[in-house]
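Open the model in your viewer and follow the selections below in order.

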Amino acid sequence: RNLTLAMKTDLGTFAAGYMSADVSDIPHTYRRSDNRFDVSYYFRYETLLGKLGYQTSINENIHIGIAADYYETSLDTYKGRGWNMDGGMIVDLSPLELSFTARNILRFSKAKYTDGDDSEYEGEEKYPFQAVVSGKYNFLDFDVLGQVKTNAGRSRNLMALGLQYNPWILKMFH
């Protein structure tokens, strides 16, 4: 499920979004004494993300934005909740366009977990910081696309390169 709304105003663009997914009837199994498995009960997995965002333009070529993110996950009797923030910028230097995005920029923010079957259980998880630098260069009917993504805790950056063809005669074909 996904619902997103945005409104452009004289003060900038304001946005709100809700995304969720769930799976029901997941069997919780146990091993019987004869080494076969049986189902003791069924449970559900659900995750949701809520976002509030704001974007403004510094000038016609530089655009910046920020978003507050609320996360919630439940699996069987466990539930986790937390929040963080993302920020980004787009710079249009036609024919070159560059973007930078930083996700989970609040390093102190963590997801807190509880267990409905154990009132003393408390767990937490740090949200991994992620930075993404992307570029697009337009040449005739082609866009050359590149991206470098880094995640905190990951030893190597992820890199991608692509080419998009946009024929001038068939505007809807890419």
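Strands here are DSSP runs of E with at least two residues, while helices are runs of H or I with at least four residues, and both are numbered from the N terminus. Two strands count as paired if DSSP finds at least two bridges between them. This is a predicted model, in which local features need pLDDT of at least 70, side-chain atom pairs count only at pLDDT 80 or more, and totals for chains, interfaces and linings use all residues. Residues are numbered from 1 along each chain as its sequence is written, and side-chain values use heavy atoms, with hydrogens and water left out.

Select residues 78-93, which are strand 5. Add residues 96-103, strand 6: the two run antiparallel, joined by 7 bridges. They form a hairpin with 2 residues between them. For one bridge, pick D92, whose partner in strand 6 is E97.

Next, show residues 62-75, strand 4, which pairs with strand 5 in the antiparallel sense over 14 bridges. D69 stands opposite N84 of strand 5. This pair also forms a hairpin with 2 residues between the strands, and D76 in the turn has a positive phi of about 55°.

Now add residues 110-115, strand 7, antiparallel to strand 5 and joined to it by 4 bridges. Here R81 has K112 as its bridge partner.

Finally, move to N166, in the segment after strand 11 (158-165). Is N166 buried or exposed? N166 is buried, at 17% relative accessible area (buried means under 20%, exposed over 50%, partly exposed in between; 1.4 Å probe, protein chains only). Display its surroundings: N166 touches D141, D143, F173 and H174, not counting residues up to four places away in sequence (contact means heavy atoms within 4.5 Å).
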